[in-house]
Amino acid sequence: MNVSLILIILLVGAFATYLAGDKLASKVALFFGLASLGSSIVLLNHYNLGENISFISQWITQPNISFALKADGLSMAMLLLTTALTPIIIFSSFGNQYKNSKSFYALILFMSFAMAGTFLASDGLLYYIFWELSLIPIYFIALIWGNGDAEDRKKAVVKFFIYTLAGSLFMLVAFVYMYQQAGSLLLEDLYKLNLSATEQLWIFLAFFLAYAIKIPLIPFHTWQANVYQKAPTVGTMLLSGIMLKMGLYSVIRWQLPLAPLAAKEYMYIFIGLGIAGVIYGSIVALRQKDLKKLLAYSSLAHVGLIAAGTYTLTLDGLRGAVLQMIAHGFVVVGLFYVAEIIFRRYETRAIAEMGGIRTQSPKFTSMFLILVLASVALPTTFNFIGEFTVLYSLSQINIWFAILGGTTIILGAYYMLKMFQHVMLGETNSKVFADVTVNEGITLVLIIGVLFFFGMYPKPITDLITPSLEEILTQINRIN
């Protein structure tokens, strides 16, 4: 039994969902989503028992390319994030009607397949193929099933597609160059390369361009808010919950260990870029009148802090970044789902048209408040663990980084609580707000349960990821 099983389940699931027809598509997709989660948990148990669940096979002889999937603590954590959020995202969509739903749900599973492949691949070309494959389904999901004016939506989605594709081409050039040096694209072989400082700088920058657009970091973020707003909520959840983590994960797995000299030389610049994203995202979020756009800029601020943590090149920084990636994945999916629940009833995302919901739906108000508090890293929530660890790692580099990075908590609390006040409190709204359905309640309770459980007991995840991160740090520090 090895990790290729997850990819097979998700790929077969995508085809089965399409063939099931519109009526059964959502249920078939949910079944395969849950099957991939169950298989991931079984594989995790095998991994914890010390079994080798990686997979490697010669794929192309000339050039020398392998179909290699690496299962270590880091990739297993990201795989579990993908397979846990996929069924939650599918289940959350049950309250909506989609035209041609067989294609819609098949694309969700295909996107999960590509994202899982990106987290597992340990051959450069295979990784690049999965990286690009994940872009195709979200392009169609946002374009066909998105919101608002079709022409505006097309512009936003095409800009995102071209931006991401163009950035990735630089990464492909870096892989081609490294293949010429190593004669292989296996991660282990690339780690052994003895590249000069200049070579490492160019490789570092080529990877950075691809990852900075995907995460996104400022000034490469201009596609993000519009796509998050125009995509259907399921698409926004996939983008913010899982897809942007591909960029952050890849910084740790590929960029830093392959170009450690450049990472150390320009550390302050890249930490500064991450922290600039925190401050910029928070200030712009304050000015938003559209609920989805506010959450998009809030996400930009949070991922800026995660990126700053990765570039500290410390164990605390890397560990905090991975913990925060997983926590952010769950909380941002929960918040976008709340925006969708409100839209189902009020058919608006304008904050000014909301308010007074608390008196009509106290249960929903309580769950929304918990997600808001988790987002601003309240102690006992999962986000607090990751954010505190990242801020601690920044203080080890320079106390001012930690102080500036900490503005995410202060500004985040201000704009999130202000938003909650305008959306939920005040005089009872003249529009009727139906209480949450059973499906909506289950989805929110599942997300809140994860945030509280790992907020109070993060040990299973830290134990899982720490050995892999220590290996990566050893690789980063091999040249002093």
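The legends below describe close-up views of a predicted model.

**Figure 1. The annotated transmembrane domain, residues 122-407.** An unreviewed UniProt entry places the feature "domain: NADH:quinone oxidoreductase/Mrp antiporter transmembrane" at residues 122-407. In the predicted model, the chain over residues 122-407 is 79% helix and 0% strand. The C-alpha atoms at the two ends of this stretch are 36 Å apart.

**Figure 2. Packing of helix 4 against helix 5.** Two packed helices are described by the angle between their axes and the distance between the axes. Helix 4 covers residues 101-120 and helix 5 covers residues 124-133. Their axes are 8 Å apart, and the packing angle is about 150 degrees. Because angles over 145 degrees count as roughly antiparallel, helix 4 is described as roughly antiparallel to helix 5. The crossing of helix 4 and helix 5 is left-handed. On the side of helix 4, the contact is formed by F110, F113, A114, G117 and T118. Helix 5 contributes Y127, F130, W131 and L133. Seven of the residues in this contact of helix 4 with helix 5 are nonpolar and two are polar, with no charged residue.

**Figure 3. Packing of helix 9 against helix 11.** The axes of helix 9 (197-214) and helix 11 (residues 233-258) come within 8 Å and cross at roughly 170 degrees. The two helices are therefore roughly antiparallel to each other. From helix 9, the contact residues are Q200, F204, F207, F208, Y211 and K214. They meet M243, L244, M246, G247, S250, V251, W254, Q255, L256 and L258 of helix 11. The residues of this contact of helix 9 with helix 11 comprise eleven nonpolar, four polar and one charged.

**Figure 4. Surroundings of S375 in helix 16.** Helix 16 spans residues 362-375, and S375 is found in this helix. The relative accessible area of S375 is 2%. S375 is therefore classed as buried, the limit being under 20%. Leaving aside residues up to four places away in sequence, S375 touches S298, H302, V331, L335, N383 and M416.

**Figure 5. Two cis peptide bonds that precede proline, Q62 to P63 and I218 to P219.** Most peptide bonds are trans. The bond from Q62 to P63 is cis, and its omega is near 0 degrees. P63 lies in the loop that links strand 1 (55-60) and strand 2 (65-69). I218 and P219 are also joined by a cis peptide bond, with omega about 5 degrees. P219 is placed in the loop between helix 9 (197-214) and helix 10 (224-230).

**Figure 6. Positive phi at E347 and T380.** Most residues other than glycine have a negative phi. E347 has a positive phi, near 50 degrees, and is not a glycine. This residue, E347, lies in the loop between helix 15 (315-346) and helix 16. With a relative accessible area of 66%, E347 is exposed. T380, likewise not a glycine, has a positive phi of about 85 degrees. T380 is located in the loop between helix 16 and helix 17 (382-397). The relative accessibility of T380 is 38%, so T380 counts as partly exposed.

Key: Residues numbered from 1 in each chain as written. Predicted model: local features only at pLDDT ≥ 70, side-chain atom pairs only at ≥ 80, totals over all residues. Heavy atoms only, no water. UniProt positions renumbered as here; feature names shortened; annotations may be inferred. Helix = DSSP H or I, 4+ residues; strand = E, 2+ residues; numbered from the N terminus. Axes fitted to C-alpha atoms, helices over the stretch in contact; angles between N-to-C directions. Parallel < 35°, antiparallel > 145°, perpendicular 65-115°, else oblique. Left-handed = near helix turned anticlockwise from the far one by under 90°. Contact = heavy atoms within 4.5 Å. Nonpolar A, V, L, I, M, F, W, Y, C, P; charged D, E, K, R; others polar. Buried < 20%, exposed > 50% of the residue type's maximum accessible area, 1.4 Å probe, protein only.
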